[in-house]
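Hello,

Here is the structure I promised to pass on. My notes on what turned up follow below it.

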2 protein chains.
Amino acid sequence: MSVDEQRRPTRVKRLPREVRERQILDAAVRVFSQHGYHSASMDEISEVAGVSKPMIYAYLGHKEDLFAACIRREASLLVEAIANGVQADAPPDMQLWTGLRAFFRFVGAQKESWRVLHRQATSQGGPFSEELMGMRGRAISLVDALLVRSATSRGVPTKATEAMAVALVGAGESLADWWLDHPDVPEKTVASWLMNLVWMGLGDLVDGAAWVPTEG
Amino acid sequence: MSVDEQRRPTRVKRLPREVRERQILDAAVRVFSQHGYHSASMDEISEVAGVSKPMIYAYLGHKEDLFAACIRREASLLVEAIANGVQADAPPDMQLWTGLRAFFRFVGAQKESWRVLHRQATSQGGPFSEELMGMRGRAISLVDALLVRSATSRGVPTKATEAMAVALVGAGESLADWWLDHPDVPEKTVASWLMNLVWMGLGDLVDGAAWVPTEG
DNA sequence: TCCAGGACCTACTGATGAGTAGGCTACGGG
DNA sequence: CCCGTAGCCTACTCATCAGTAGGTCCTGGA
């Protein structure tokens with residue numbers, strides 16, 4: 001701890017590579033989520049991250065690589081959050097319920113992560129979307145598996161359950177976006193609305209029925 | 001018909017403004033749907049349209065204006081298609097059913113229109129998305145009104161029906177995208193899958209029940 | 001104490017692409 | 001037959017931004 005540490009700030013500090021990489025990724029997620037892939041400039045990311053542009057290229061590579069790294073990190077966190085949240089040994093409705101709640105909890109806590117995942121990555125047709133679509137595909141498969149286990153031995157065709165899983169995931173995404181504009185609604189409430197829609201169905205809701213979780 | 005019409009082709013022909021505007025908009029929709037807003041270049045649009053770049057600026061204005069014009073035209077067609085397709089005097093389930101079918105018919109017939117509307121316009125945070133979000137909002141309001149009329153006098157809160165409308169629209173969008181990758185599935189089938197999901201609910205489907213239209 | 005290597009920067013290049021200046025040509029009305 | 005105007009183009013300008021060259025400075029080990 002030399003004496004002139006704070007009066008001549010030698011920039012800020014020299015930091016190990018991992019720390020810088022985290023800072024850069026954090027900044028990139030923010031900037032990408034605000035402006036989208038194309039409108040986000042490497043200059044702005046470097047500025048937000050508090051490093052110079054060549055550092056980004058040295059550590060994370062080109063713009064596409066950087067974006068892919070963001071997607072990978074955020075998508076992993078999301079998948080992990082859901083996997084940790086869902087009760088795999090519970091009956092189907094509780095599995096869906098806990099999965100939905102974990103999903104919305106993540107979105108509520110990591111709004112920027114969600115924006116960069118849903119809004120930005122989905123719309124870019126490039127090599128990222130493969131990365132991202134893979135993750136989305138895993139989520140869909142998860143739901144699909146749930147449907148198949150539930151509806152098995154019934155004559156429901158394979159494509160039907162897959163399509164319904166796609167629809168369900170899309171409903172969740174859309175509702176998550178809506179929720180960002182209505183932050184006063186509690187997470188549990190949003191989740192229960194979607195749960196009622198897809199589990200009970202509008203037909204039942206019209207008749208006044210409603211699904212409620214069996215505990216808590 | 002002068003003699004040198006085909007040997008010295010005087011370009012192609014001089015065409016009235018409306019025709020050129022249509023050609024330009026058609027080309028713009030194609031290019032925007034393929035590359036997205038930012039990656040689409042005015043040069044490529046002009047090339048596809050078969051006119052020079054200054055014509056686009058003379059007729060349709062700047063890039064943002066052009067994109068907004070595309071969105072406006074395509075969104076109007078979609079809204080119109082649904083409005084024409086839905087049976088406003090039918091019971092709720094048939095209203096939903098006819099609306100869904102009209103929606104999927106449009107998507108099947110106008111794939112590029114759908115892509116530019118859903119994929120591209122949604123992801124750009126600019127002034128277009130206002131235009132587009134307005135249209136999407138109209139669709140949501142339509143569904144919301146249907147839910148409200150159905151579930152009226154029940155204690156369902158306003159925000160719940162709105163949120164469910166949002167989820168339903170999102171499910172439709174997601175499923176429409178999926179359908180683009182599975183064109184062998186008939187339109188009626190896709191529509192019925194979504195109808196079953198949101199009207200019957202997974203709970204009923206698990207029990208083997210299914211909703212079928214009451215006619216043809 | 002010296003030096004190797006890694007953290008970090010300024011200041012550039014080169015390409016791409018939006019938008020425009022300034023024209024030329026055909027057609028229809030006088 | 002002439003000319004105003006509307007259709008149409010070539011050939012630029014200029015800004016932005018991804019990506020890089022080539023360096024400085026610090027730290028930790030020999």
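The two copies meet through the same surface, because 100% of the interface residues of chain A are also interface residues in chain B. Please keep in mind that this is a predicted model.

On symmetry: chain A superposes on chain B after a rotation of 180 degrees, with 0.0 Å of shift along the axis and an RMSD of 0.0 Å. That is the relation of a two-fold axis. In chain A, the C-alpha nearest that axis belongs to A:Gly201, at 1.8 Å.

Next, the DNA. Strand D is surrounded by 21 residues, with A:Arg14, A:Met42, A:Lys53, B:Arg20 and B:Ser52 the closest. Of the strand D atoms within 4 Å of the protein, 60% are sugar and phosphate. A:Lys53 places a polar side-chain atom 2.8 Å from a base oxygen of strand D. Two residues approach phosphate oxygens of the strand: A:Tyr57 through a side-chain N or O atom at 3.3 Å, and B:Ser52 through a backbone N or O atom at 2.8 Å. Helix H3 (53–60) of chain A, and helices H1 (17–35) and H3 (53–60) of chain B, each give two or more residues to this surface. Its residues divide into 9 nonpolar, 4 polar and 8 charged.

Last, the second largest pocket. Its volume is about 760 Å³. The lining has 30 residues; B:Ile82, B:Ala139, B:Leu142, B:Val143 and B:Val169 lie nearest the centre. By type, the lining has 21 nonpolar, 5 polar and 4 charged residues. H7 of chain B gives the most, with 10 residues.

Best wishes

Conventions: Residues numbered from 1 in each chain as written. Chains lettered and ligands numbered in written order. Predicted model: local features only at pLDDT ≥ 70, side-chain atom pairs only at ≥ 80, totals over all residues. Heavy atoms only, no water. 1 Å grid on protein atoms, 1.4 Å probe; cavity = no way out; pocket = protein on both sides within 12 Å on 5 of 7 lines; lining within 4 Å. Points joined across faces, edges and corners; volume = space filled by probe spheres on them. Helix = DSSP H or I, 4+ residues; strand = E, 2+ residues; numbered from the N terminus. Nonpolar A, V, L, I, M, F, W, Y, C, P; charged D, E, K, R; others polar. Least-squares fit on C-alpha atoms with pLDDT ≥ 70 in both. Contact = heavy atoms within 4.5 Å. Near = heavy atom within 4 Å. Polar contact = N/O pair within 3.5 Å; in protein donor to acceptor, adjacent residues only side chain to side chain.
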